[in-house]
Amino acid sequence: MKEHLDQKIFHIISDIATETNKECYVIGGYVRDLFLQRPSKDIDIVVVGSGIEFAGLVSAKLGKKSKLTVFKNFGTAQIKFKDLEIEFVGARKESYRSDSRKPIVEDGTLEDDQNRRDFTINALALSLNKATYGNLLDPFNGLDDLKNFVIRTPLNPDITFSDDPLRMLRGIRFSAQLNFYLEENTFDAIARNKDRISIISKERIADELNKIILSRKPSIGFILLEKTGLLELIFPELLALKGVETKDGVGHKDNFYHTLAVLDGLSEESDNLWLRWSALLHDIAKPRTKQFDAKHGWTFHNHNYVGEKMIPGIFRRLALPLNEKMKYVQKMVSLHMRPIVLSEDEVTDSAVRRLLFDAGNDIDELMTLCEADITSKNPEKVKRYRNNFQLVREKLKIIEEKDRVRNFQPPIDGNEIMTTFNLPACAIVGEIKMKIKDAILDGIIPNDYEEAKKYMFEIAPKMIAEAKM
């Protein structure tokens, strides 16, 4: 492995290890990713001794181009050097209390440090000492697990997960990111210890969920969350989508697996985290809106609007941002049925204008979400929908170029209406402005100031008179 440790940073660390007579190793994810041939800029260094002192010596050697940050409470230090982040920690052994994932830490050996690692594939270490430079230390056969695509714990999985329950989510996340499978005992231990997740902060859980959502095939992670019982504890609204109800011989699709298919499909097209959250939540209100109609079968009327209203509560509970990112997800969920309806019916200019106005600059991402929502097992139906969606896209482009309605504001504002008709600020001003906007979106008048002004004089006097009656 020497050729993989030929970077300047490793040779500097090796020189300092020799000067200070310290055992020093690169360990964890960086080593794992070397074998997987995945690029990594995060390097973990374990020193048998003080990681903070060692990091200080390395930073001094690197000079002004490096930035050293010390975390005394955790006994760690981080160096940022060029595009690398190097974390230093002293080798340690850990013990845990039942009510906390924060360990009681003692100085230890490399063996102690490898024992505390979450999974065998993350316990691999490469020596940085001169005499053994590049030698692999693999006490738990992590290399074999890498070759066989296996996630397993180094020690008893019940103890590993009970000590730090976040490791359960990390194991599932690695399965989704790497397309590895959870070894049977490891899987069973997660199911047995799932209730321990209650001691993990919402922020840590959200961070792992985000990483699962951003993985190559997110469905792997969410199916494992469901099968281990964790999903019920951390995201019950998503679990509520699971299952098929049949009445009078009529069933509906399993909306849980449909949602995951949409998320996987979208993930092939976009790495936008919040668009992926939109895919995960686009049908979240279907359990609440589900009804059976003898004539039409199962219906989920207004599930997009109900889903939009559910999102703040979900984001708040999961400690996700309650800012413009949440509003973006709400917008996508609210609008996701609109292009689908357009693709089923004849596409009118008016409907396209309104979609452009409501979606604004997010129209392309909305269309990507809606195309991912086509998951029928009938290939002819999928082909027909995709062809119709192409027509909608072409219509969107034509209307946008002609009418410029994306994010437009009516040419006549409220101040001009009040000045023209000597009105105070009141409801009728907003109604006149809305009438002008609707006329433009419906194609009654073009998106033009003079035409809008002319239309205002046609409609406003009567509206004002009726309001005074």
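Here are some notes on this predicted model, point by point, for someone opening it for the first time.

1. Start with the salt bridges. A search of the whole structure turns up 22 of them. The next few points walk through some of these pairs, with a look at where each partner sits.

2. Take Asp 113 and Arg 117. Their side chains form a salt bridge, with N and O 2.6 Å apart. Are these two residues buried or exposed? Asp 113 is buried, and Arg 117 is buried too. So if you only look at the outside of the model, you'll miss this pair, since buried here means under 20% relative accessible area.

3. Next, have a look at Arg 317 and Glu 237. This is another salt bridge, and its closest N and O atoms are 2.6 Å apart. Arg 317 belongs to helix H16 (residues 303–317) while Glu 237 belongs to helix H12 (residues 236–239), so the bridge ties together parts that are 80 residues apart in sequence. As for cover, Glu 237 is buried, at 16% relative accessible area, whereas Arg 317 is partly exposed, at 29%.

4. Asp 442 and Arg 354 are worth a stop as well. Their side chains meet in a salt bridge of 3.3 Å, N to O. Here too the pair links distant parts of the chain, 88 residues apart: Asp 442 is in the loop between helix H23 (427–441) and H24, and Arg 354 is in helix H19 (residues 349–359). Asp 442 counts as partly exposed because its relative accessibility is 34%. Arg 354 is partly exposed as well, with a relative accessible area of 27%. Salt bridges with shared partners also turn up elsewhere, joining Arg 32, Asp 33 and Arg 38 into one network.

5. Stay with Arg 32 for a moment. You'll find it in helix H2 (residues 29–36). Its relative accessible area is 7%, so Arg 32 counts as buried. Which residues does Arg 32 contact, leaving aside its neighbours within four places in sequence? They are Arg 38, Ile 121, Asn 122, Leu 124, Leu 146, Phe 174 and Leu 178.

6. Now for charge at the surface. Asp 448, Glu 450, Glu 451 and Glu 458 form a negative surface patch. Glu 458 is a handy one to click on: it lies in helix H24 (residues 449–468). Glu 458 is counted as exposed because its relative accessibility is 52%, and the cut-off for exposed is over 50%.

7. Helix H10 (residues 218–228) makes a good contrast to look at. How many of its eleven residues are buried? Nine of them are, which leaves the helix mostly covered. The buried residues of H10 are Pro 218, Ser 219, Ile 220, Gly 221, Phe 222, Leu 224, Leu 225, Glu 226 and Thr 228. Just past the end of H10 comes Gly 229, with a positive phi of about 90 degrees.

8. Positive phi values also show up away from glycine. Asn 141 has a phi near 55 degrees. It sits in the loop between strand E9 (136–137) and helix H5 (142–147), and with 45% relative accessibility, Asn 141 is partly exposed. Asn 302 is another non-glycine residue with positive phi, near 65 degrees. You'll find Asn 302 in the loop between strand E15 (297–299) and H16. At 47% relative accessible area, Asn 302 is partly exposed.

9. H16 has a loop on its other side too, and Ala 319 is in it: that loop runs between H16 and helix H17 (324–335). Ala 319 counts as partly exposed, at 31% relative accessibility. Not counting residues up to four places away in sequence, Ala 319 touches Lys 202 and Glu 203. If you measure from Ala 319 to Asn 210, C-alpha to C-alpha, you should get 12 Å, although the two are 109 residues apart in sequence.

10. Last one: Thr 368, in helix H20 (residues 363–372). Setting aside neighbours within four places in sequence, Thr 368 is in contact with Leu 266, Glu 269 and Arg 393. Its C-alpha atom is separated from that of Leu 275 by 9.2 Å, with the two residues 93 apart along the chain.

Technical notes
Residues are numbered from 1 along each chain as its sequence is written. This is a predicted model: local features need pLDDT of at least 70, side-chain atom pairs count only at pLDDT 80 or more; totals for chains, interfaces and linings use all residues. Side-chain values use heavy atoms; hydrogens and water are left out. Patches are made of residues with over 30% relative accessible area and no salt bridge: like charges are joined within 9 Å, nonpolar side chains (Val, Leu, Ile, Met, Phe, Trp, Tyr) within 5 Å. Accessible areas come from the Shrake-Rupley method with a 1.4 Å probe; for residues, only the protein chains shown count as cover. A salt bridge is a side-chain nitrogen of Lys or Arg within 4 Å of a carboxyl oxygen of Asp or Glu. Lys and Arg count as positive and Asp and Glu as negative; His and the chain ends are not counted. The place of a charge is taken as NZ of Lys, CZ of Arg, CG of Asp or CD of Glu. Helices (H or I, at least four residues) and strands (E, at least two) are DSSP runs, numbered from the N terminus. Buried means under 20% relative accessible area, exposed over 50%, partly exposed in between (1.4 Å probe, protein chains only). Contact means heavy atoms within 4.5 Å.
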